[in-house]
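Student: Could you take a close look at a single part of this model, the place where the two protein chains meet, and then set that part in its surroundings?

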Protein chains: 2
Amino acid sequence: MGIVARKEKQKQEIRSLILEASMKLFVEEGFSKVSVRKIAERIQYSPTTLYLYFKDKNEILFHCCESGFEKMLSQNIALTLINDPIERLHQMGVNYLNFGLENPEYYDLMFIQEAPMSALIDMGAGWSSGDQALEALKMVVHEAMQKGLLVSTKVETVAMAVWGMVHGLVSLAIRQRLDKLVPAEDMEQTMHDSLDWLLKTMKKA
Amino acid sequence: MGIVARKEKQKQEIRSLILEASMKLFVEEGFSKVSVRKIAERIQYSPTTLYLYFKDKNEILFHCCESGFEKMLSQNIALTLINDPIERLHQMGVNYLNFGLENPEYYDLMFIQEAPMSALIDMGAGWSSGDQALEALKMVVHEAMQKGLLVSTKVETVAMAVWGMVHGLVSLAIRQRLDKLVPAEDMEQTMHDSLDWLLKTMKKA
DNA sequence: TTTGAAAACTTAACACTGTTAAGTATATTT
DNA sequence: AAATATACTTAACAGTGTTAAGTTTTCAAA
């Protein structure tokens, strides 16, 4: 029994080895440059070995994605200290924008690429880390409505609007579309201004 | 002079042939399945011939993108009939959502993929069709502020917020992220609800 | 301790991808 | 008719994800 456990542990270690190499690669060289062969070379294994540990490349990317969510969620721990739900929602938005701008490669994988979602479907698994973040968003909107700080509507409607906006801003920025609206040097500031504007505007008069 | 003009016309015809084949291909089979070889096969030319008419694949995609903008702008003609700028902005948003959901392949190319923007940089050209749409957005926001229908702020801030939101919704929907927030059957309705909510909320009390 | 099976890993290959250099027809001009 | 442009193709390079088959290593039972 002890040896089968050790085997399992070794297997997990190689899995981690693959994932770490993959993540380093796409942080260093960008998502599009990550190939199975390059990952394999980094860890001194044959390319086909990776297929003994993961179904396909999408599955590898999916797990990188998961680690991106961990990174993101770790930023949000201090949030529970904020009492005012609107203020908390605001800070969530700020964190979201910052995460996206500081980790474009991760953001790409987590919210833009379809590869991780394909893996998710193939694996029959759930978007656990993503769902967790969305639950937190719905919660804070719900709380704001209950405390009378927001006009009461369907929680999903407002949650979708807020997520939509911050995602929209980050993804337009990452994909070089936002500098068509404002000069590059004003971009980050204007993104934050837009978020501020939304929260000020939606706050019940 | 007459024959050199005819030659030029023939050249343009083949360019169009290539572009039309490309567009059909990615509407039929999806963006990711479009390859130079497949386009070439459709028009019964050798793959390398395409490189006599376009610098590279990105440039082909860029021109498909342009035709997507034409498609989109043609939807917006009836808009000038709407007098109330807020109502007009609202309808612009509705059109945007509909275009995205009805033409996901075009939308992908126009606002998500980086290939067309790379071509734009390589060509040293401007994002003419995109700029036109953004100008219309800024105009309507400006008008609403001047008529006292919106709280006066920097036009870009509000324009970015609105564009961000509709783009966010469409791109999350296209990339299968939005069904993590609401069930698939409610998605389209909730997207429109979110847009309605934003416009109602931002309207000056 | 040797045998035999199971596990871990690699080699070779397939069918693709974008792209370029060199070669071949086909018009057009001299 | 010969020379020159123009239009197009063939062959190849270097890369991609992935699979089938073969090899080496590990490890338990005889």
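Tutor: Two residues are taken to be in contact if their C-beta atoms, placed from the backbone, lie within 7 Å. The model is a predicted one, in which local features need pLDDT of at least 70 and side-chain atom pairs count only at pLDDT 80 or more, while totals for chains, interfaces and linings use all residues. Residues are numbered from 1 along each chain as its sequence is written, and chains are lettered from A and ligands numbered from 1 in the order in which they are written.

With that contact criterion, 39 residues of chain A are in contact with 39 residues of chain B. Helices H6 (104-112), H8 (128-146), H9 (155-174) and H10 (184-202) of chain A each supply at least two residues of the side that touches chain B, where helices (H or I, at least four residues) and strands (E, at least two) are DSSP runs numbered from the N terminus. H9(A) gives the largest share of that side, with 14 residues. Sorted by class, the side of chain A that touches chain B holds 20 nonpolar, eleven polar and eight charged residues; here Ala, Val, Leu, Ile, Met, Phe, Trp, Tyr, Cys and Pro count as nonpolar, Asp, Glu, Lys and Arg as charged, and the others, Gly among them, as polar.

A rotation of 180° with 0.0 Å of shift along its axis superposes chain A on chain B, with an RMSD of 0.0 Å, the fit being by least squares on the C-alpha atoms of residues with pLDDT of at least 70 in both copies. The two copies are thus related as by a two-fold rotation axis. Since 100% of the interface residues of chain A are also interface residues in chain B, the copies meet through the same surface.

The packing can be followed through the largest nonpolar core, a nonpolar core being a set of buried Ala, Val, Leu, Ile, Met, Phe, Trp, Tyr and Cys residues joined through C-beta atoms within 7 Å. A residue is buried if 20 or more other C-beta atoms lie within 10 Å of its own, exposed if 12 or fewer, and partly exposed in between, with C-beta atoms placed from the backbone. Of the 109 residues in this core, Val162(A), Val166(A), Leu169(A), Val162(B), Val166(B) and Leu169(B) touch the most other members. Not counting residues up to four places away in sequence, Leu169(A) touches Leu97(A), Met191(A) and Ser194(A), and also Met160(B) and Gly164(B). In chain B, the C-alpha atoms of Leu169(B) and Gly100(B) are separated by 9.4 Å, although their positions lie 69 residues apart along the chain as a separation. Gly100(B) belongs to helix H5 (residues 85-102) of chain B and is buried, because 24 other C-beta atoms lie within 10 Å. Leaving aside neighbours within four places in sequence, Gly100(B) is in contact with Tyr107(B), Val170(B) and Ile174(B).

As for the surroundings, chain A has ten helices and zero strands, and buried residues make up 37% of its 205 residues. Among the contacts in chain A with a separation of 6 or more, 68% join residues 24 or more positions apart. The C-alpha atoms of chain A fill a box of roughly 65 × 45 × 30 Å, taken along the principal axes.
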